[in-house]
Structures are given as C-alpha cells and as structure tokens.
Amino acid sequence: MAPRGSIAGDAAEASVEGVSLAELQLAARNSGMPLEALRYPVTPVGLHYLLTHYDIPAVDRSSWRLRIAGAVRDELELSLDELRTRPHAIVRATMECAGNGRALLEPRPVSQPWLAEAVGTAEWGGTPLAPLLREAGLADDVAEILFTGLDRGVEGGETQSYERSLPLDEALREEVLLAYEVNGEPLPAQHGAPLRLVVPGWYGMTNVKWLGRVTALTAPFSGYQNAWSYRLRQDENEAGEPVSRMQPRALMVPPGIPEFLSRDRFVEPGPCRLVGRAWSGWGPIAEVDVSADGGGTWEAADLDDAHDPWAWRGWSYEWDASVPGRYELCCRARDTAGNEQPLVAPWNLGGYANNAVQRVAVNVASSL
C-alpha cells in the first residue's frame with residue numbers, strides 16, 4: 001500500500017475521505033496546472049494555477065487608481081496609463097500556492113484540497129515597486145508595506161479586503177513588481193487585473209491581486225491574513241511561524257498514459273525519459289534525484305542550464321523500464337541553501353508548505 005501523503009496506488013488507496021461540498025465548491029472555483037504542462041518553460045496563462053480567496057471583483061480599468069499612502073512624504077495616486085509610463089521590467093517567476101499538497105496530509109486540513117498541481121511559471125511584466133516607494137518618500141520608521149486588494153469577503157468571522165504585508169527590506173527588492181501583464185498580454189481578470197503584486201520566491205498568497213492600495217506601516221500589520229492565516233502551527237492556540245518563501249520541490253511529468261479515474265500510469269517496456277522541473281524560494285536548485293522504488297534508492301538527474309533566478313529549473317532522467325511490473329517513481333530537489341525535500345513533510349494545522357516528494361505509480365506492461 002502506498003504511504004499516506006503519496007498519490008501512488010489504486011484509487012481506493014489514494015482516496016481522500018470526507019471531502020465536503022464546501023471543499024468541492026472551492027475546488028470547482030480554483031484550478032491547478034495539469035502536470036503534463038511541466039513541459040513548458042513558461043506556463044500558458046490558461047494552464048497556470050489559480051486560487052481566488054473571495055470573488056473576482058468587477059474593476060473599471062478607466063477609473064481605477066493605485067494609491068500609495070501611509071507613512072510617506074507624498075501620497076501618490078496613479079492610473080494604469082501612468083504606471084505604464086514608468087520603467088518597464090519583466091520577471092520570469094515560479095509561483096506556488098502555500099497550500100499545495102494539503103490534501104495529501106493526514107489528518108487532512110479542511111480547505112482548498114490541492115494535490116500537487118497548484119503551481120505555474122509566468123513572465124510577469126510591469127513596473128518595479130521600489131522606485132515608487134522611494135518617490136513617495138518613506139518615513140524613517142517604516143517597518144512594513146501593506147498591500148490591499150479590491151476583493152472582499154468574510155474570513156475568521158471578519159469582513160475584510162484581502163491584504164498582506166511584507167517587511168520593508170523584502171518590498172524593496174529590485175525584482176518585486178507591480179504587474180499589469182502576464183506572458184506579454186494584459187492581465188486577465190482571474191489573475192488580478194488591472195494590477196497585481198509579484199514577489200518572486202514567496203508563496204502565492206503574498207502576490208496580492210486586484211491591487212488597490214499600498215500603505216507604508218510603522219508597525220507590523222495585525223490583519224487576518226498575516227496574524228492568523230498562513231502560519232505554521234500545530235493547534236489553534238499557537239502563534240505559529242509565518243509562511244514566507246517556497247520550500248524546494250521537484251515535480252515530474254507523469255510518464256506514459258493514464259487510467260482515467262485513478263490516474264495510474266502505463267508505460268511500454270524499454271528506455272523511458274523522465275522530465276520535470278524543480279524550484280525553491282531559498283536559492284537556486286543544486287540537485288534533483290530520482291527513485292524508481294519509492295525512495296529506497298536514488299540517482300541523480302541531469303539539470304538543464306539555469307537562466308532565470310526566480311523560475312523553475314528543468315531536469316531529466318533516463319529510466320530503464322525494461323522489466324515489466326509496478327513501480328513508484330519519486331523525485332526530490334535540493335537547493336543551494338542546503339534545503340531538501342523530505343519523504344514525509346511535517347503536519348501543520350493549515351496544511352501549508354507540504355513539499356514531500358512526489359510519488360507516481362507506474363505500471364510497465366508490454367500489452368496496454
């Protein structure tokens with residue numbers, strides 16, 4: 001039987017029990033990237049993962065303005081056309097939902113039931129944030145920058161806009177972008193049009209969509225999304241550690257062809273080239289290993305050249321699948337900071353940052 005936390009085994013073995021109608025409603029609203037789309041260095045916009053916390057707001061681009069306020073010398077109010085006159089930059093960045101892998105934990109945290117597909121890599125175009133903050137004139141005692149979206153809802157018993165803050169030094173990184181384009185096209189509504197924040201290296205919850213206001217704060221933000229949500233805790237009484245940068249992860253394109261319901265894979269005997277991508281928010285990928293026996297033995301994969309510091313790195317491995325039978329393929333990544341994917345990730349209340357190694361059940365059979 002496949003270990004809990006994997007996606008291997010028969011459909012009954014890999015079942016997730018007790019998924020509520022509320023969770024199914026979330027799953028229908030949000031979407032993951034099909035793993036075969038790992039073949040693309042840049043994910044087509046329609047295949048990039050999406051998570052929408054509340055509703056997609058209706059925004060009139062012609063009247064929309066971004067306000068930069070708070071502890072600044074001069075408040076700024078900028079239209080989309082005015083932002084387009086500012087220096088333009090493009091950042092290729094991998095973005096992963098902090099809840100990716102949540103449904104594979106035991107016990108399963110109740111929320112959006114992600115497996116492994118909540119990820120994508122895009123070329124985000126826009127203008128860097130830091131020059132606008134400096135133009136506004138930050139006060140000497142600014143500690144954080146708060147980003148407020150136009151989407152509103154109820155969470156934790158509170159009516160709120162979706163908003164998250166960043167420490168000042170993170171907000172001033174040169175690659176942090178106010179993005180109005182994705183893959184060379186204007187942002188679509190579901191990706192945060194007319195403007196969103198892009199913070200390369202951080203989990204997706206940081207990249208606030210439908211951005212309406214940027215506020216310089218002299219004290220840490222105490223709103224729901226920072227103070228309660230997106231924190232690693234074992235029970236509700238803990239303050240917990242905040243979720244921040246993406247943990248290292250490798251994913252493979254499942255080889256062969258799938259059985260419809262279970263997604264078990266079927267491969268003809270012979271050489272089989274495994275391909276995938278790996279990323280980390282803590283540093284470049286240094287190594288990817290592959291196992292064909294569920295993690296008992298590992299061999300190094302070949303890495304593609306690294307061109308973009310904030311985007312995933314391609315890898316490949318020549319698997320000798322000459323002997324018919326059932327196999328459990330695994331892959332794991334290690335970054336230059338020394339972080340490595342675990343076989344089993346630690347559990348936490350919100351189901352965040354589960355970067356346990358991917359497991360793919362494969363049947364090698366001469367007659368499919």
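User: Why is aspartate 289 called buried?

Analyst: In this predicted model, aspartate 289 has a relative accessible area of 6%, and since the term buried is kept for values under 20%, aspartate 289 is counted as buried.

User: What makes the contact between aspartate 289 and arginine 334 a salt bridge?

Analyst: The closest N and O atoms of arginine 334 and aspartate 289 are 3.8 Å apart, and because the limit for a nitrogen of Lys or Arg and a carboxyl oxygen of Asp or Glu is within 4 Å, the pair is accepted as a salt bridge. Arginine 334 belongs to strand β21 and aspartate 289 to strand β17 (residues 285–291), so the bridge ties together parts of the chain that are 45 residues apart in sequence.

User: Is arginine 334 buried or partly exposed, and how do you know?

Analyst: Arginine 334 has 22% relative accessibility, and because partly exposed covers the range between the 20% limit for buried and the 50% limit for exposed, arginine 334 is described as partly exposed, whereas aspartate 289, at 6%, is buried.

User: Which residues are linked with arginine 334 and aspartate 289 in a network of salt bridges?

Analyst: Glu287, Arg332 and Glu340 are linked with Asp289 and Arg334 in the network. The whole structure holds 19 salt bridges, and the general principle is that side chains of opposite charge can pair when their charged atoms come close.

User: What makes glutamate 135 and arginine 86 a salt bridge that links distant parts of the chain?

Analyst: The closest N and O atoms of glutamate 135 and arginine 86 are 2.5 Å apart, which satisfies the requirement of within 4 Å, so that the pair is a salt bridge. As for the parts it links, glutamate 135 lies in helix α3 (residues 129–136) and arginine 86 in the loop between α2 (80–84) and β3, the two residues being 49 residues apart.

User: Why are glutamate 135 and arginine 86 called partly exposed?

Analyst: Glutamate 135 has a relative accessible area of 33% and arginine 86 has 22% relative accessibility; because partly exposed lies between under 20% and over 50%, glutamate 135 is given that term, and so is arginine 86.

User: How do you know that glutamate 175 and arginine 173 meet in a salt bridge, and are they buried or exposed?

Analyst: The N to O distance between glutamate 175 and arginine 173 is 2.7 Å, which meets the limit of within 4 Å, so their side chains are taken to meet in a salt bridge. Both glutamate 175 and arginine 173 are buried, a term that stands for under 20% relative accessible area.

User: What makes the phi angles of asparagine 183 and alanine 353 worth noting, and where are these residues?

Analyst: Phi of asparagine 183 is near 50 degrees, a positive value in a residue other than glycine, and phi of alanine 353 is near 55 degrees, likewise positive in a residue other than glycine. Asparagine 183 is found in the loop between β7 (177–182) and β8, while alanine 353 lies in the loop between β21 (325–335) and β22 (358–364).

User: Why do asparagine 183 and alanine 353 receive the terms they do for accessibility?

Analyst: The dividing value here is 20%: asparagine 183 has a relative accessible area of 23% and is therefore partly exposed, whereas alanine 353 has 17% and is therefore buried.

User: Which peptide bonds are cis, and what are their omega values?

Analyst: One cis peptide bond joins glutamate 106 and proline 107, with omega about 0 degrees, and another joins alanine 193 and proline 194, with omega about 10 degrees. Proline 107 lies in the loop between β3 (89–96) and β4 (119–128), and proline 194 in the loop between β8 (185–186) and β9 (196–198).

User: Why can leucine 24 be part of a surface patch, and which residues form that patch?

Analyst: Leucine 24, in helix α1 (residues 21–29), has 47% relative accessibility and so counts as partly exposed; because patch members need over 30%, leucine 24 passes that requirement. Val19, Leu21 and Leu24 form the nonpolar patch, with about 290 Å² of accessible area together.

User: How many cavities are there, and what lines the largest cavity?

Analyst: The search finds three cavities of 30 Å³ or more, and the largest cavity holds about 220 Å³ of space. Of its 20 lining residues, Leu51, Arg196, Gly204, Asn207 and Lys209 are the closest to the centre, and the lining divides into 11 nonpolar, six polar and three charged residues.

Notes
Residues numbered from 1 in each chain as written. Predicted model: local features only at pLDDT ≥ 70, side-chain atom pairs only at ≥ 80, totals over all residues. Heavy atoms only, no water. Patch = residues over 30% accessible without salt bridge, like charges linked within 9 Å, V, L, I, M, F, W, Y side chains within 5 Å. Areas by Shrake-Rupley, 256 points an atom, 1.4 Å probe, with all protein chains shown as cover. Helix = DSSP H or I, 4+ residues; strand = E, 2+ residues; numbered from the N terminus. Buried < 20%, exposed > 50% of the residue type's maximum accessible area, 1.4 Å probe, protein only. 1 Å grid on protein atoms, 1.4 Å probe; cavity = no way out; pocket = protein on both sides within 12 Å on 5 of 7 lines; lining within 4 Å. Points joined across faces, edges and corners; volume = space filled by probe spheres on them. Nonpolar A, V, L, I, M, F, W, Y, C, P; charged D, E, K, R; others polar.
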